[in-house]
Amino acid sequence: MVRLARLREALSVAEGDPELVRSQLQAFGRQIPLLYFILIVNTMAVAVTHLGSAPAWLSIYFPGALCALCVIRCVRWWRIRHRPLTHDKAVPELRKLIWLAGIFAVAFSSWSLLLFPYGSAYEQAQVAFYMATTLVGCVFCLMHLRAAALLLLSIVILSFSTYLVSTRSPVFIAMAIDMTLVGVALAFIIELYYRTFAGVVHAQRELQVSQEKTQRLSDDNFRLASIDSLTDLPNRRSFFASLRALSEQTPAAGGGFNVGLIDLDGFKQVNDIYGHASGDLVLQEVGMRLLALAEPGIFFARLGGDEFGVLAQHKLPNETLVELGERICETLGQPYRVAGNVAELTGTIGWAAFPEAGTTVQQVFERADAALYVGKEGRRGTPVIFSTEHETRIRRSSLVAQELRHADLESELFLEFQPIYDVLTQRTIGMEALGRWHNARLGAVRPEEFIRIAERTDLILRVTEVLLRKALDEASRWPSDLYLSFNLSAIDISTSPRARRLVDIVLGSGVPAHHVNFEITETAVTRDFEQAHCSLTMIKQAGCRVSLDDFGTGYSSLSYVHRLPFDTIKIDRSFMTDVDSNSASKKIVKSVLDLCRNLGLECIVEGLETSSQADVVKALGARALQGYLFGRPMRASAVPAYLQTMLGQGDVVET
Ligand code: C2E
Ligand code: MG
Ligand code: MG
């Protein structure tokens with residue numbers, strides 16, 4: 001049974017092994033011309049010697065037809081030799097070849113057996129020789145097609161040996177035995193060769209599979225290492241690799257490239273209000289929008305968080321950069337639909353050119369960052385190209401940072417106080433403490449400048465602490481109906497221990513906690529909404545009050561006002577400049593005043609400089625006002641005199 005199965009296997013096509021079938025056909029294809037060459041030459045040699053002794057149909061037509069068949073097959077092979085075969089077509093082709101080998105074996109054997117009786121003993125020997133050499137030649141040519149080779153071998157040996165034995169001639173019988181033995185040996189060789197061949201094919205395939213696997217693995221690793229998984233854009237690493245590669249080529253090529261840094265304004269709010277899953281969706285959408293803007297030579301990457309990078313491989317003129325930047329900003333500024341809501345973001349972009357702005361990748365990147373920084377400060381939602389003016393700003397910033405780090409804050413920092421006026425009682429109800437810094441080298445540094453620089457490092461914690469102690473010290477001498485308003489930075493409330501420290505300073509100052517009001521800007525709150533909520537609640541629980549400062553300048557979202565425990569909202573002074581002439585500003589102020597009234601919040605209108613502005617906001621229902629009209633920021637020493645001029649509010653508590 002096992003032998004039968006083996007025999008069947010040996011005579012069949014390895015259908016389940018496409019690779020083997022393909023290799024068999026390929027290897028056999030290379031032998032075809034040789035196979036037909038052997039057949040035609042041998043056949044013609046025998047036919048020619050039998051021209052006189054055998055009838056024409058046996059010496060001319062039959063062999064002629066056989067040779068013509070060989071030529072036809074050969075021509076067909078020549079025509080289709082380069083055509084790739086699918087596995088579905090290869091299997092029937094192989095089967096056809098086995099059948100053809102059988103048919104050819106029968107045809108050629110029949111011809112030689114029919115020819116055998118004609119001619120002399122020499123000619124008979126020639127036929128026997130013909131059979132033997134042709135058989136061996138053909139078997140070797142068919143070596144890769146085991147089934148065809150075995151079929152051919154069996155047909156020829158069986159038919160010829162039987163015939164030779166039937167002649168009863170001892171020489172022919174010996175020849176038949178010899179042929180059979182050689183045939184068996186040939187069958188073994190075929191089997192051995194075929195197994196080796198199949199083994200090589202399998203080994204090659206395994207090698208190929210393992211190479212493909214390794215390649216795929218390394219491709220995957222490369223992809224993972226260079227692609228941002230959220231947006232599918234190239235990541236920071238691959239962005240920098242491209243910058244480095246370009247910077248190395250550029251000096252030789254004499255060209256240059258542009259680097260753009262994009263930062264999303266308002267992304268933090270989306271994360272805070274709608275959650276991180278929605279934030280991720282927005283980033284994906286940003287990635288898709290940027291990808292749609294990519295063109296030959298312009299690439300985008302996600303550098304991390306809400307920061308993206310653009311690379312213009314060939315340096316573009318400034319007008320084109322501005323135009324491209326505007327297109328990017330405009331695309332990013334379209335509304336985003338997240339979880340049934342519509343989120344509004346803008347993108348700001350800073351450009352820097354290599355090698356003009358910087359001769360190393362790090363330098364160009366920093367310059368693009370500086371341009372972005374300038375954009376974010378005053379020109380959000382627009383492109384900014386790095387210029388030397390930005391460079392001066394950066395230098396100044398690092399100088400200020402350096403001086404601030406080494407300053408004796410206790411003696412250099414001081415405060416000015418600006419009154420907050422109540423129109424109803426016509427009294428000053430509070431004083432806002434405004435930090436001032438006078439440095440021996442730099443002179444007076446504007447609070448906006450040194451506070452911003454201090455905020456970039458943890459220096460702000462020390463600045464706040466020194467200023468708060470000084471402010472409380474002054475406030476402890478004020479009349480009991482005057483409260484102190486003190487500005488905080490985001491970092492001051494960025495952890496609970498930091499917020500606790502502020503509370504401890506207030507509680508240890510002797511100033512009643514309800515006389516202390518902390519002002520915090522929207523941007524500070526939006527940095528980490530949850531922590532801001534936690535810190536502000538702690539401050540409130542200690543008895544202090546909290547105000548939302550500069551309302552209207554950031555991404556004024558009513559949800560902040562609603563969700564955080566504010567007592568007061570301060571409308572930013574930018575609305576006051578034209579509140580008496582611009583109906584839009586007037587409407588905004590009115591709606592914020594209405595909002596405060598509805599939410600039961602106090603509202604302070606900041607930055608009133610003229611009585612006409614004051615009249616307008618008073619008419620709109622504003623009660624607490626602040627601005628140069630009511631008092632400029634003044635030194636602590638000037639406060640008692642100021643209060644005295646204000647309807648006898650000068651009963652300063654002397655300690
Ligand atoms: P702010 O808290 O909104 O303070 C009000 C700013 O507006 C002050 O500027 C003040 O001098 C100015 N101002 C008040 N009334 C008027 C007016 O009628 N017209 C005009 N044009 N300006 C007016 P200042 O002192 O330069 O402070 C700027 C900002 O710096 C402050 O804005 C505040 O955000 C920050 N800041 C000041 N002191 C401190 C501080 O001690 N700590 C922190 N973290 N920030 C502070
Ligand atoms: Mg303030
Ligand atoms: Mg303000």
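1. Let's start at the ligand. An oxygen atom of ligand 1 sits 2.9 Å from an N or O atom in the side chain of Glu432. Please keep in mind as you read on that this is a predicted model.

2. Two further polar contacts are worth a look in your viewer. A nitrogen atom of ligand 1 lies 2.9 Å from a polar backbone atom of Gly435, and an oxygen atom of ligand 1 is 3.0 Å from an N or O atom in the side chain of Asp550. As for cover, ligand 1 taken alone exposes 790 Å², and the protein buries 87% of that area.

3. Which elements give two or more residues to the shell around ligand 1? They are β9 (427-439), α15 and β13 (545-551). The largest share comes from β9, which supplies four residues.

4. You may also like the make-up of that shell. There are 23 residues around ligand 1, and those that come nearest are Gln418, Gly435, Asp549, Arg573 and Glu609. Sorted by class, the shell holds eight nonpolar, six polar and nine charged residues.

5. Helix α15 deserves a second visit, this time for its packing. The axes of α15 (residues 447-456) and α16 (residues 459-475) come within 6 Å and cross at roughly 130 degrees. An angle from 115 to 145 degrees counts as oblique, so α15 and α16 are oblique to each other. On the α15 side the contact is made by Phe450, Ile451, Ala454 and Glu455, while α16 brings Leu459, Ile460 and Val463. By class, this contact has six nonpolar residues, one charged residue and no polar ones.

6. Now to a loop elsewhere in the chain. Leu230 lies between α7 (170-226) and α8 (236-253). Leaving aside residues up to four places away in sequence, Leu230 touches Asp280, Leu283, Gln284 and Arg302. How far apart are the C-alpha atoms of Leu230 and Arg195? They are separated by 51 Å, with the two residues 35 places apart along the chain.

7. Two backbone details are easy to miss, so do check them before setting anything up. The peptide bond from Phe354 to Pro355 is cis, with omega near 5 degrees; Pro355 belongs to the loop between β6 (346-354) and α12 (361-378). Arg168 has a positive phi of about 60 degrees, although Arg168 is not a glycine. This residue is found in the loop between α6 (146-166) and α7.

Definitions and conventions. Residues are numbered from 1 along each chain as its sequence is written. Chains are lettered from A and ligands numbered from 1 in the order in which they are written. This is a predicted model: local features need pLDDT of at least 70, side-chain atom pairs count only at pLDDT 80 or more; totals for chains, interfaces and linings use all residues. Side-chain values use heavy atoms; hydrogens and water are left out. Axes are lines fitted to C-alpha atoms, for helices over the stretch in contact, and angles run from 0 to 180 degrees between N-to-C directions. Angles under 35 degrees count as roughly parallel, over 145 as roughly antiparallel, 65 to 115 as roughly perpendicular and the rest as oblique. Contact means heavy atoms within 4.5 Å. Ala, Val, Leu, Ile, Met, Phe, Trp, Tyr, Cys and Pro count as nonpolar, Asp, Glu, Lys and Arg as charged, and the others, Gly among them, as polar. A residue is near a molecule or strand if one of its heavy atoms lies within 4 Å of it. A polar contact is a pair of N or O atoms within 3.5 Å; within protein, one must be able to donate a hydrogen and the other to accept it, and residues adjacent in sequence count only if both atoms are side-chain atoms. Accessible areas come from the Shrake-Rupley method with a 1.4 Å probe; for residues, only the protein chains shown count as cover.
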